[in-house]
Amino acid sequence: MERILFLTHTDSSGVLPKATLEVLGAASELARDLGGAPLVVGLVGGELQAAADSIAGCGAESFLAVSGDEFSVSRYATDAAAAEALVRKSEATLVIVPATSRFSRTMPGLAQRVDGRIDTHVTALHAEAGAPQVERWYYRQRMVARLSREVRPWFVLIDSGVFPAIDGVAGSASLEKLAVEPPATRTQVVGEQAATAEAQTIRPDAPLLFVAGAGWTKRQADGQTHLPEAEQLILDFLGKSQASLGSSKSLVDQSGEGEAVLSFMSHMNQVGQTGSTPRHPKGLATCCHGEEPHVVGWRFIKERRAVNLDPGCGWAQGKADVLYVADAFQVMRKVNELLRS
Ligand SMILES: Cc1cc2nc3c(=O)[nH]c(=O)nc-3n(C[C@H](O)[C@H](O)[C@H](O)COP(=O)(O)OP(=O)(O)OC[C@H]3O[C@@H](n4cnc5c(N)ncnc54)[C@H](O)[C@@H]3O)c2cc1C
């Protein structure tokens, strides 16, 4: 019988990341599907009782914790030591971990340390004839595969935005604290510096992905380009909606060619085959024609709409649930007006 360890950490304010609640639901479902495999929760962080209480009713047989000031911050050495203690104590065969940036850094090394194996970017869990299987995408999200492994412990890092978050599981958890001597470290964490809200246009947890295409920088009906207005419309919309900003490759590549560009756009925003494939419940593509952003970049977007002047835009037609044949300048001006009121 498999033993499942659900492993996560708190953020700097002592709260569990959103992805925790998504992946925890999937882990307890898998435990059930495996015929009642024991589920243990392992937590790493500063003070952990409140976090454990917030998921007390998830069906875990026990809650293990490595806590203290040294373990409250994201740092490979201390995170790996804490997580190793939790893996060994739980005697887990399957370690299920939400793919936060903090644990995505730590788990591959830890899998090596405990002589296990790891799969990352997992998007589904299954039980097949009493054995666990995972699903992940290959070839830039074009092919999906289901796989199993013999080696244990098997670490499975699960992407955020895949499962709905569980709720209604708060209660009172009995926390077993493991004593772990923090390893000697050279890295002192002196604080966190986040980008300002205006500078930070990539928001993985946003309900909406707004994709801007190269059309925003093209000559419009009056024969002129309208870059300052395009910038202002997009930034205004992002500020009001708190949507995440994606871009087509053509748009971000223009900076390399010395052409006028949207100043806040970088290659980090690019979605598609050679960009990212984010997960948001909704997507809105504007001034965008490309195959890659629509087919690959939108692969995991659940409800998709596009605004394009061209009624024959095959990709917007084929891949969007709704295509508005309209001028995106006019549409976004109106949308911003409505959001303002
Ligand atoms: C190997 C390879 C990998 C690639 N990887 C990627 C990738 O990862 N991501 C990616 O995005 N591309 C990728 N591409 C490029 C891709 O094929 C397209 O060239 C690109 O996506 C086109 O960008 P676009 O739609 O923004 O621009 P365009 O094709 O120039 O389309 C602009 C659109 O804007 C519309 N438009 C103009 N003005 C308005 C207006 N006022 N209102 C409404 N609509 C308007 C036009 O009708 C047009 O449809 C890749 C290409 C290759 C060869």
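Reader: What makes strand β13 (residues 303-308) and β14 a pair, and in which direction do they run?

Author: In this predicted model, β13 and β14 run parallel and are joined by four bridges. Pairing requires at least two bridges, so these strands qualify as a pair. One of the residues concerned is V307, whose bridge partner in β14 is Y324.

Reader: In what order do the strands of the open sheet that holds β14 stand, and how are they paired?

Author: The order is β11-β10-β12-β13-β14, five strands with parallel pairing. Strands β11 (244-247) and β14 (322-325) are at the edges because each has a single partner strand, and one side of each is therefore left without a neighbour in the sheet. From one strand to the next, the twist averages 20°.

Reader: What makes β7 and β9 edge strands in the open sheet of nine strands?

Author: That sheet has the order β7-β6-β5-β8-β4-β1-β2-β3-β9, and its pairing is mixed. Both β7 (143-147) and β9 (175-177) pair on one side only, and this makes them the edge strands. Here the average twist is 35° from one strand to the next.

Reader: How do you know that β3 and β9 pair?

Author: Three bridges join β3 (residues 62-67) to β9, and the two strands run parallel. The cut-off is at least two bridges, so the pair is accepted. Within it, L175 in β9 stands opposite F63.

Reader: Why is the peptide bond that joins R152 and P153 called cis?

Author: The omega of this bond is about 0°, and the bond is given as cis. P153 itself lies in the loop between β7 and β8 (154-158).

Reader: What value does phi of H121 take, and in what kind of residue?

Author: Phi of H121 is near 55°, which is positive, and the residue is other than glycine. H121 is found in strand β5 (residues 117-128).

Reader: What makes the crossing of α5 and α9 left-handed?

Author: Helix α5 (residues 227-241) packs against α9 at an angle of about 35°, and the axes are 10 Å apart. A crossing is left-handed if the near helix is turned anticlockwise from the far one by less than a right angle. The passage of α5 across α9 is assigned this left-handed sense.

Reader: Which residues of α5 and α9 meet, and how do they divide by class?

Author: From α5 come E229, L233, D236, F237, K240 and S241, and they meet F329, M332, R333, V335, N336 and L339 of α9. The contact comprises six nonpolar, two polar and four charged residues.

Reader: Which residues come nearest to the ligand, and why do they count as polar?

Author: Of the 30 residues around the ligand, the nearest are G213, G215, G272, H289 and G290. Gly is placed among the polar residues, as is His, which is on neither the nonpolar nor the charged list, so these five count as polar. The full shell holds ten nonpolar, 14 polar and six charged residues.

Reader: Which elements supply at least two residues of this shell, and which supplies the largest share?

Author: At least two residues each come from α6 (249-253), α7 (291-297), β13 and α9 (328-340). The largest share belongs to α7, with four residues.

Reader: Into which domains is the protein chain divided, and how many residues of each take part in the contact?

Author: Domain 1 spans 4-177 and domain 2 spans 208-340. Their centres, taken over C-alpha atoms, are separated by 35 Å. Six residues from domain 1 and five residues from domain 2 form the contact. On the side of domain 1 that touches domain 2, one residue is nonpolar, two are polar and three are charged.

Terms used
Residues are numbered from 1 along each chain as its sequence is written. This is a predicted model: local features need pLDDT of at least 70, side-chain atom pairs count only at pLDDT 80 or more; totals for chains, interfaces and linings use all residues. Axes are lines fitted to C-alpha atoms, for helices over the stretch in contact, and angles run from 0 to 180 degrees between N-to-C directions. A residue is near a molecule or strand if its C-beta atom, placed from the backbone, lies within 6 Å of it. Domain bounds come from an automatic or database domain assignment. Two residues are in contact if their C-beta atoms, placed from the backbone, lie within 7 Å.
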